[in-house]
Amino acid sequence: MDQDHAPQPAERCTAAHIEDPTPCQGPDDAVTILDGAGNAAAGCEHHGARMAASIDGARIEPGSVVGAATRASAASQTIRPFCWYESAPRTEPSQLSHAENAGRA
């Protein structure tokens, strides 16, 4: 199997990045994340927000939890892309959250 597409452990949602150590929060189909090409992944609210923050042009659509898409979308605006890389330098606009970039304007 291709290492870049290794399956997630059973207790993690599809939206959880393989290198993100945080646990899922809520049902694994609380939201649906779509990338710019229309590819979709179901995820918990927590990982849905993190995935959306990390994919340029991503959007979050409702899943099984009422209000989760709205909350995840709002949270994604304040999350830095690939936020689990805590020691990565954050100097370029593409490395900052949408909210941080809005504050620089």
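Rings of Phe, Tyr and Trp are taken to pair if their centres lie within 6.5 Å. In this predicted model, a search of the whole structure finds three aromatic pairs. One of them joins Phe82 and Trp84. Their ring centres are 5.6 Å apart and their planes stand at 80°, so the pair is edge-to-face. Planes over 60 degrees apart fall in that class. Phe82 also pairs with Tyr85. Here the geometry is stacked, with 6.2 Å centre to centre and 25° between the planes. Phe82, Trp84 and Tyr85 form one aromatic cluster. Within this cluster, Trp84 is buried, at a relative accessible area of 13%. Phe82 is partly exposed, at 32%. Tyr85 is likewise partly exposed, at 34%.

Strands β1 (residues 31–34) and β2 run antiparallel and are joined by four bridges. Leu34 stands opposite Ala40 in β2. Five residues lie between the strands of this hairpin, and Gly38 takes a positive phi near 90°. In a regular strand the side chains alternate between the two faces of the sheet. Strand β2 (residues 40–43) shows such alternation. Ala41 and Gly43 point to one face and are buried. Ala40 and Ala42 point to the other face and are not buried.

Helix α2 spans residues 68–76. Its buried residues include Ala68, Ala69, Ala72 and Ser76. These four cover an arc of only 95° around the axis, which puts them on the same side of α2. An α-helix has 3.6 residues a turn, so residues three or four places apart point the same way.

Terms used:
Residues are numbered from 1 along each chain as its sequence is written. This is a predicted model: local features need pLDDT of at least 70, side-chain atom pairs count only at pLDDT 80 or more; totals for chains, interfaces and linings use all residues. Side-chain values use heavy atoms; hydrogens and water are left out. Buried means under 20% relative accessible area, exposed over 50%, partly exposed in between (1.4 Å probe, protein chains only). Helices (H or I, at least four residues) and strands (E, at least two) are DSSP runs, numbered from the N terminus. Two strands pair if DSSP finds at least two bridges between them. The arc is that of the directions from the helix axis to the C-beta atoms. Rings of Phe, Tyr and Trp (its six-membered ring) pair if their centres lie within 6.5 Å; planes under 30 degrees apart count as stacked, over 60 as edge-to-face and the rest as tilted.
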